[in-house]
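Here are my notes on the model you sent round. Have it open while you read, and go through the points in order.

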Amino acid sequence: MGLPSDDLHLPWDRPSLEALLRKIIPTGETTKVDLKSIFDLSGVRQQGEVLKDISAIGNTHNHNYKNHGFIILGVSGGLIAGTSFPNNEDHIQATIDDLIAKYLRPFITTQFYIFKEGEKLWGAIVIPPTRNAPHVFYNDIHKRYRGDVYVRSGTITEKAQPEDYARFFRQHLEEHTYEFQQNINDLQREVRLLSTQIKKVKTVPVSRESKTRTQEMAFPREPLTVASVNESTSVTEKIDAILSKEEDQVTKGLFEEAKKIMALIESGSIPWAISTPDKAQSKEILSKIEDTSSELWSAIISIVSRDEKGKYDETLIKVFTYLARKIEVPSNTRATDWGKNIRYYPLFVALYLVCILGVAHKREKLIQRILKISLQGRSHYDEPLPIIYILFMIRNSAEVFQALHESYPDQRWCDPIASYTKSLIDRILTPDDPLWNKESVFFNGEFILCIAPMDVIEKVTKRPMIGHPSSGLFLFINSSEPVIGRFLKNERDWIKKIFERPLEEILAEFDQNAEKLTNSSGCWGRGFVRGALEMAFPEKIQNAKP
C-alpha cells in the first residue's frame with residue numbers, strides 16, 4: 001500500500017480527514033477502500049448496494065488501515081470527478097443510519113462527509129473500527145436476504161467464508177473475556193490490598209489481657225510506626241507496617257472512584273444516541289459526569305499539588321492507565337458521535353488538571369509519563385492509540401457543550417469544550433494561595449497539553465504523527481498571548497524536559513499551523529497563535545534573518 005501508515009493514526013478533524021482521503025484516492029481500492037463515481041440512495045437497489053458495501057468493509061479486518069474503512073464518493077480513474085448529493089450531510093447521515101437500523105444487525109456506526117473541489121462536490125462514508133462483526137442483513141432488500149454476511153476480499157465484495165466466521169468468533173471471544181479479565185484484575189488488586197493489611201496486622205504485638213484488647217489491636221485506627229513492631233519482624237514487614245496503610249488507602253480510594261467513572265460511561269445513564277442536544281439535556285449529561293468524577297478530580301488536584309516527592313506518581317499512572325480505554329458502543333446499541341465521545345470527558349478534564357498543576361508545580365516527569373499512556377481497546381485487533389488523541393475525539397461531541405452557551409443557538413463558542421472546561425476548572429481548582437493566578441496557570445497548562453500531540457512519534461518511521469496542535473481556549477482569548485509568551489521565554493529549558501522531540505521543532509510547527517486551526521473553526525484566532533518559536537528561541541530567529 002502506498003499510503004504511509006502513520007497518516008491513519010490521525011484523530012481526524014475535517015481538514016485532516018480530507019487530506020487523508022486525498023492521499024488514499026491515488027492508492028486505489030483495497031479491502032478497506034471502495035471508490036464510487038456516484039452516490040445514489042434513490043431506490044431499494046441502490047440502498048441495498050450501499051448497505052452491502054458498508055457491512056462488508058465493517059466485517060473485514062485490515063491492520064494496514066488500523067481497521068478504518070472508507071467509501072469515497074465522486075471518484076473516477078483515480079481522480080476526483082465530483083458527484084451530486086440529494087441533501088446536506090446531516091440529512092444523508094440520518095438516512096444512512098435509518099437504513100442500517102432497519103436492515104443490518106448489529107448497528108454499524110458510519111460518518112458521512114461532503115467536500116468541495118472547486119465547483120465539484122465529493123464525499124466519503126467513513127466506517128470506524130467495529131468490534132461487533134459480523135454485521136448481518138436482518139431484513140431483505142433487493143437480492144440481499146436475511147442472514148447474508150458480506151466481506152471484502154481484495155477489491156471484491158463477496159459473501160463470508162468459513163475462515164471469516166472463525167475470525168468473528170475470535171473477536172467475540174476476546175470481547176466477552178475482556179470484561180471477565182477486568183473483573184479478575186479488580187479482584188487481584190483487592191487481594192493485594194488485603195494481603196498488605198494482613199501483613200500489617202501480623203506486625204502488631206498481641207496483648208494477652210483480653211480478647212477485646214486483641215480485637216482492637218488487630219484493626220488499628222492509626223498508622224503503625226516502627227515502635228509498633230517487634231524484634232522478630234522482617235525489614236519488609238516493618239516497611240509495610242509504616243507505609244502501607246496510608247498508601248493502600250490512597251490507591252484503593254482512587255481506584256474506587258475510577259471504577260465509578262467507568263461504570264457510568266459504559267452504562268446507558270448517558271444516552272448513546274444523543275441527537276440535537278438542547279440546554280436541558282446537555283446540562284443533565286454533564287451534571288452526571290461531574291457528580292461521578294468530582295471526587296477523582298479533587299484527588300488528582302491534591303496529589304499533583306501537594307505530593308512534592310512524587311510518592312503517589314505510580315498510583316496516578318495506574319489510575320490514568322485504567323481510565324484510558326477506547327469508548328466502545330455496546331452490541332445492538334445505536335450510537336452517535338456525540339453520545340460516544342462525550343464519554344471521554346472525565347479523562348479529558350483529568351489531563352487538563354495534571355498539565356495545569358504539573359506546570360504550576362514543576363512536575364515535568366509526571367506530565368511526561370501520563371502523556372505517554374496508551375488508549376487500549378477491548379480486542380487484540382484494536383490498535384492502541386496515544387491517550388492524547390482524546391483531545392481530538394472529544395471534539396466530536398462539541399455540540400453537547402455548545403448547547404450550554406447562554407445565548408445558544410444565536411451565539412456560539414469558538415471552542416465550546418475548552419470554554420466549558422475553563423469554567424469547570426475555575427470552580428473546582430481553588431487553592432488557598434494568594435499568589436495563584438488562575439488565568440496564567442490555566443493557559444500555560446493548556447498550552448503544554450495542546451502541543452503534546454505534536455510530540456507523538458510513529459514507532460516504525462520515527463516521524464511525527466500529527467503536525468498541528470489540538471484546539472484550546474488559549475487560541476481564541478487575547479489575554480493568553482502575553483501569558484504564554486512569558487512562559488516560553490522564562491521556562492524554555494524546563495519545557496524541553498517534557499517532550500521527546502526538540503522543542504524548537506514543535507514550536508515551529510505550532511507557528512505554521514495554529515492559526516489555520518482557528519480558521520477552520522470559523523473563528524478569528526485572537527489569542528496565542530504565532531510567535532512561539534521566537535519567544536522561546538529568539539536567537540534562532542535572529543540567526544535566520546539575512
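**Notes on the model**

1. Let me start with helix H8, where Asp313, Thr315, Leu316, Ile317, Val319, Phe320, Tyr322 and Leu323 are buried. That makes 8 of the 11 residues in the helix, which spans 313-323, so H8 is largely enclosed by the rest of the structure. One of the buried residues, Tyr322, also has a charge over its ring: Arg325 lies over the face of Tyr322, 4.4 Å from the ring centre. Bear in mind throughout that this is a predicted model.

2. Next, the parallel pair near the start of my list. Strands S1 (residues 33-36) and S2 (residues 69-73) run parallel and share 4 bridges. Going from S1 to S2, the chain passes through helix H2 (residues 44-59), and the resulting β-α-β crossover is right-handed. If you want a register check, look at Asp34, which stands opposite Ile71 in S2.

3. Now the aromatics. How many aromatic pairs does a search of the whole structure find? The count is 20. Take Phe39 and Phe85: the ring centres are 5.7 Å apart and the planes meet at 40 degrees, so this pair is tilted. The two residues are 46 apart in the chain, with Phe39 in the loop between S1 and H2 and Phe85 in the loop between strand S4 (79-80) and helix H3 (89-103). Both Phe39 and Phe85 are buried.

4. Phe39 has another partner worth a look. Its ring centre is 5.5 Å from that of Phe112, again with the planes at 40 degrees, so this pair is tilted too. Phe112 belongs to strand S6 (residues 111-117), while Phe39 is in the loop between S1 and H2, so the pair ties together parts 73 residues apart in sequence. Phe39 has a relative accessible area of 8%, so it counts as buried. Phe112 is buried as well, with a relative accessible area of 4%.

5. Further along the chain, one aromatic cluster is made up of Tyr345, Phe348, Tyr352, Phe401, Tyr420, Phe442 and Phe443. Phe442 in that cluster also has a lysine over its face: Lys422, at 5.4 Å from the ring centre.

6. The hairpin is an easy one to inspect. Strands S9 (residues 150-153) and S10 (residues 156-159) are antiparallel and joined by 4 bridges. There are 2 residues between the strands, and Gly154 in the turn has a positive phi of about 65 degrees. Tyr150 has Lys159 as its bridge partner in S10.

7. Lys159 comes up again with Asp148. Is Asp148 buried or exposed? It is buried, at 9% relative accessible area, and sits in the loop between strand S8 (136-137) and S9. Leaving aside residues up to four places away in sequence, Asp148 touches His135, Val136, Phe137, Lys143 and Lys159. The side chains of Asp148 and Lys159 make a polar contact of 3.5 Å. Asp148 and Lys52 are 96 residues apart along the chain, and their C-alpha atoms are separated by 9.3 Å.

8. For a long-range pairing in sequence, try Pro15 and Lys516: 501 residues apart along the chain, yet 9.9 Å apart C-alpha to C-alpha. Pro15 is in helix H1 (residues 14-24) and counts as partly exposed at 44% relative accessibility.

9. Some backbone geometry to check by eye. Most residues other than glycine have a negative phi, and most peptide bonds are trans. Where are the cis bonds, then? The bond from Arg105 to Pro106 is cis, with omega near -10 degrees, and Pro106 is in the loop between strand S5 (104-105) and S6. Tyr408 and Pro409 are also joined by a cis peptide bond, with omega about 5 degrees. Pro409 lies in the loop between helix H13 (398-402) and helix H14 (416-428).

10. Finally, the positive phi values outside glycine. Thr276 has phi near 50 degrees; this residue is in the loop between helix H6 (235-266) and helix H7 (279-306) and is exposed at 65% relative accessibility. Lys362, with a positive phi of about 55 degrees, is in the loop between helix H10 (345-360) and helix H11 (364-371). At 37% relative accessibility, Lys362 is partly exposed.

How values were computed:
Residues are numbered from 1 along each chain as its sequence is written. This is a predicted model: local features need pLDDT of at least 70, side-chain atom pairs count only at pLDDT 80 or more; totals for chains, interfaces and linings use all residues. Side-chain values use heavy atoms; hydrogens and water are left out. Two strands pair if DSSP finds at least two bridges between them. A crossover is right-handed if, with the strands pointing away from the viewer, the path from the first strand over the helix to the second runs clockwise. Buried means under 20% relative accessible area, exposed over 50%, partly exposed in between (1.4 Å probe, protein chains only). Rings of Phe, Tyr and Trp (its six-membered ring) pair if their centres lie within 6.5 Å; planes under 30 degrees apart count as stacked, over 60 as edge-to-face and the rest as tilted. A charge sits over a ring if NZ of Lys or CZ of Arg is within 6 Å of the ring centre and within 35 degrees of the ring normal. Contact means heavy atoms within 4.5 Å. A polar contact is a pair of N or O atoms within 3.5 Å; within protein, one must be able to donate a hydrogen and the other to accept it, and residues adjacent in sequence count only if both atoms are side-chain atoms.
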